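Okay, thanks everyone, I'll keep this short. Have a look at the sequence and the model while I talk.

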Amino acid sequence: MEGTAGEARVQCPVCLRELPGADINAHLDRCLQGGAEADGDGRAEAERGSPPPCSSSIAQQLAGKPLADKLRPDTLGDYVGQERVLGAQSLLRPLLEAHEVPSLILWGPPGCGKTTLAHIIASSSRKNGTRFVTLSATSAKTNDVRDVISQAQNEKRLFKRKTILFIDEIHRFNKAQQDTFLPHVECGTVTLIGATTENPSFQVNSALLSRCRVIVLEKLSVEAMEVILMRAVRSLGIRVLGQGEQHSSSATGSPSEGSEFPVYIEEKALSTLAYLCDGDARTGLNGLQLAVQARLAAGVATGSSTDGALITEEHVKEGLQRSHILYDRAGEEHYNCISALHKSMRGSDENASLYWLARMLEGGEDPLYVARRLVRFASEDIGLADPLALTQAVAAYQGCHFIGMPECEVILAQCVVYFARAPKSIEVYRAYSNVKECLRMHTGPLPPVPLHLRNAPTRLMKNLGYGKGYKYNPMYKEPVEQDYLPEELKGVNFFKEQKT
């Protein structure tokens with residue numbers, strides 16, 4: 001580290017690093033506080049040629065609460081992702097900014113920002129004088145809910161103060177417990193915000209659901225995850241190394257004797273982490289925390305502090321315990337792989353079919369999505385050439401639903417190989433496509449149902465001729481000559497290939 005000739009050097013009491021006197025205050029703030037508050041000081045140090053933040057200060061920042069909880073934003077401006085429901089043009093955002101919070105059910109997968117959004121609403125509400133109460137359905141009882149509602153009634157009656165009640169994992173409450181909210185949400189005693197990973201149509205009372213607006217949060221995109229991870233890295237003071245950059249501390253000055261070593265992370269490692277966490281910000285941040293802590297512990301154990309700690313792609317994968325297969329379930333690769341599987345089965349290539357199946361499953365694809373596509377394939381490409389194919393597909397779907405991954409992978413493999421080896425027929429698929437084309441091309445009103453085919457449950461309908469002349473086929477030994485199509489379509493055969 002460079003310093004003015006003759007300038008006194010001072011030892012940091014936290015990390016024991018010796019620094020020029022002019023730099024010690026900024027460095028000490030960074031060691032004690034860390035994060036974004038000291039980001040400007042960190043830049044000033046870098047400009048003077050100081051080394052990156054020491055590992056002892058990073059270790060202190062990572063101690064205690066999980067990183068995902070420490071970095072939870074407090075304002076909508078810092079909230080990343082979910083542009084569809086919280087973007088500038090959305091209906092919900094101006095309501096939240098105006099502190100007009102309606103009753104909400106936040107539905108989405110783990111780590112997509114449900115609890116964070118509730119945390120932001122809580123911070124905003126408290127500044128506005130609104131009372132915010134948090135309960136978890138995993139531990140709260142009905143009496144806890146009644147106590148909160150009783151307090152809310154008193155607050156509203158005595159102080160005209162609103163109460164927002166946030167219930168995490170609301171699907172864990174049974175129907176009777178959910179009924180407790182109904183009259184109080186209806187009359188405005190409390191504003192209810194529920195968070196759930198389960199479909200509220202099945203897990204939340206329909207009466208309660210009708211009193212709340214369901215906000216569907218999606219998995220975070222890879223781009224959003226990269227923003228979140230980069231923000232975390234910067235708050236910790238870890239330097240990101242681009243492709244080809246070296247992590248030698250000589251670039252920024254060698255740490256003095258007795259000090260800890262700096263920490264670096266490869267840019268590729270962050271990109272890999274953004275892919276592998278599958279849109280789960282909590283998983284991504286906790287994976288980053290685990291990788292950093294592991295490298296710091298390894299450096300302390302070996303005493304290798306010359307070049308600092310470097311976090312690579314392999315360290316990130318090891319921390320997540322995820323496959324190296326990068327598979328974007330919401331992007332182009334998702335559709336490419338399912339298309340390749342479909343065409344391999346259609347082409348009766350059992351080896352290719354198994355390969356593309358494994359490529360998706362090992363990359364993290366939802367097995368039920370694959371099973372649904374197999375049900376479709378059974379009728380579209382195999383059809384009446386092997387009617388049992390549909391039974392195989394439905395059984396495979398049910399098996400996957402019962403036992404999940406990884407046990408269900410062999411069920412899907414069996415179904416895929418069966419379909420690849422099965423005879424193929426698109427007779428039904430083509431015929432139905434011809435029917436749809438006929439309906440699309442029809443001009444004017446659609447032809448009425450012939451009278452003899454109509455249902456006649458009342459005397460009036462019978463008097464109008466409904467069902468008159470219909471021949472009940474089981475009563476005849478010989479084939480019955482009877483028209484079933486409208487008069488305009490008489491003689492049409494949808495099973496013949498249509499001219500294009």
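So, to start at the beginning of the chain: how many contacts beyond four places in sequence does the model have for residues 1–5, where pLDDT stays under 50? Eleven. And yes, this is a predicted model, so let me do confidence before anything else.

There's another stretch like that: over residues 34–55, pLDDT also stays under 50, and there the model has 48 contacts beyond four places in sequence. Where pLDDT is low, the predicted coordinates shouldn't be read in detail. Helix H2, residues 39–47, has the lowest confidence in the protein, with a mean of 39. At the other end of the scale you've got helix H21, residues 409–421, which is the highest at 96. Taking the whole protein, the average pLDDT is 81, and 83% of the residues score at least 70.

Now, the bit I wanted to show you: a sheet. It's an open one, built from three strands in the order S8-S9-S10, with parallel pairing. S8 is 239–241 and S10 is 309–311, and these two are the edge strands. Each has a single partner strand, so one side of each is left without a neighbour in the sheet. Going from one strand to the next, the twist averages 30°.

Let's zoom in on S9, residues 263–266. Three bridges join S9 to S10, and the two run parallel. If you want one pair to click on, take Ile265: its bridge partner in S10 is Ile311.

Last thing, the helix over this sheet. That's H14, residues 267–276, and H14 lies across S8, S9 and S10. Relative to S9, H14 runs at about 60°.

Notes
Residues are numbered from 1 along each chain as its sequence is written. This is a predicted model: local features need pLDDT of at least 70, side-chain atom pairs count only at pLDDT 80 or more; totals for chains, interfaces and linings use all residues. Side-chain values use heavy atoms; hydrogens and water are left out. Two strands pair if DSSP finds at least two bridges between them. Helices (H or I, at least four residues) and strands (E, at least two) are DSSP runs, numbered from the N terminus. Axes are lines fitted to C-alpha atoms, for helices over the stretch in contact, and angles run from 0 to 180 degrees between N-to-C directions. Contact means heavy atoms within 4.5 Å. pLDDT is the predictor's confidence in each residue, from 0 to 100.
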